[in-house]
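Biologist: Could you take me through one part of this model in detail? I would like a close look at a single helix and its surroundings, please.

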Amino acid sequence: MNAKKVVSPRARRDQVKVATARGMSTRSACALFGVARSSLKRTSALDVKDAPLMNRMAELAAKHPRFGYRRVRELLRREGTPMSCERALRLWQKSSLQVPKKRRRRVPSSS
């Protein structure tokens, strides 16, 4: 199986960065991981576009800790930022946000 199909392009670029940090030449690392050298200079326009949204999602998640990505998406829609469910989930996961687990209620002992 070809390694290019298994790992995403972003992950392969990260592997090249790690290899060059450990002393391997950029040219050799790119050849090893199958990455074009010109792609190392590329910055994702999507990251720049999504950064303010991710910050706002984090603010809303801090304000409403029991809300998940669906309800945060609805709050953003009410503020005037419509987005698809898939995009909301992708940004939620990329921000490492999650709803805290429900804690078990302690029942007072009847004594």
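**A close look at helix H5**

Modeller: Happy to! Let us start with Arg73, which is found in helix H5. Please keep in mind that this is a predicted model. Arg73 counts as partly exposed, because its relative accessible area is 23% and the buried class is kept for values under 20%. From Arg73 to Ser95 there are 22 residues in sequence, and their C-alpha atoms are 14 Å apart in space.

Now for the helix as a whole. H5 covers residues 69-79, and its buried residues are Tyr69, Val72, Leu75 and Leu76. These four sit on the same side of H5, because they cover an arc of only 120 degrees around the axis. Turn to the other side of H5 and you find Arg70, Arg71 and Arg78, which are exposed. So the helix has a buried side, with Tyr69, Val72, Leu75 and Leu76 on an arc of only 120 degrees, and another side where three arginines, Arg70, Arg71 and Arg78, are exposed.

One of those arginines deserves a second glance. Arg71 lies over the face of Phe67, and the distance to the ring centre is 3.8 Å. As for rings paired with rings, the structure holds zero aromatic pairs.

From H5 we can move along the chain to helix H6, residues 85-94, where Arg90 has its place. Arg90 is partly exposed, because its relative accessibility is 31%. Arg90 lies 61 residues from Ala29 in sequence, and 29 Å separate the two in space, C-alpha to C-alpha. In the segment after H6 comes Ser96. Its backbone is worth a look: phi of Ser96 is near 60 degrees, a positive value in a residue other than glycine. Ser96 counts as exposed, because its relative accessible area is 61%, and exposed means over 50%.

To round off the tour, here is the largest pocket, with a volume of about 160 Å³. Its lining consists of Arg10, Arg13, Asp14, Lys17, Leu40, Arg42, Thr43, Ser44 and Asp47. Helix H2, residues 9-21, gives the most to this lining, with four residues. By residue class, the lining has six charged, two polar and one nonpolar.

If you return to the picture, try Arg71 over the face of Phe67, then turn H5 to find Tyr69, Val72, Leu75 and Leu76 buried.

Conventions
Residues numbered from 1 in each chain as written. Predicted model: local features only at pLDDT ≥ 70, side-chain atom pairs only at ≥ 80, totals over all residues. Heavy atoms only, no water. 1 Å grid on protein atoms, 1.4 Å probe; cavity = no way out; pocket = protein on both sides within 12 Å on 5 of 7 lines; lining within 4 Å. Points joined across faces, edges and corners; volume = space filled by probe spheres on them. Helix = DSSP H or I, 4+ residues; strand = E, 2+ residues; numbered from the N terminus. Nonpolar A, V, L, I, M, F, W, Y, C, P; charged D, E, K, R; others polar. Phe/Tyr/Trp six-rings, centres within 6.5 Å; stacked < 30°, edge-to-face > 60°. Lys NZ or Arg CZ within 6 Å of the ring centre and 35° of its normal. Buried < 20%, exposed > 50% of the residue type's maximum accessible area, 1.4 Å probe, protein only. Arc of directions from axis to C-beta.
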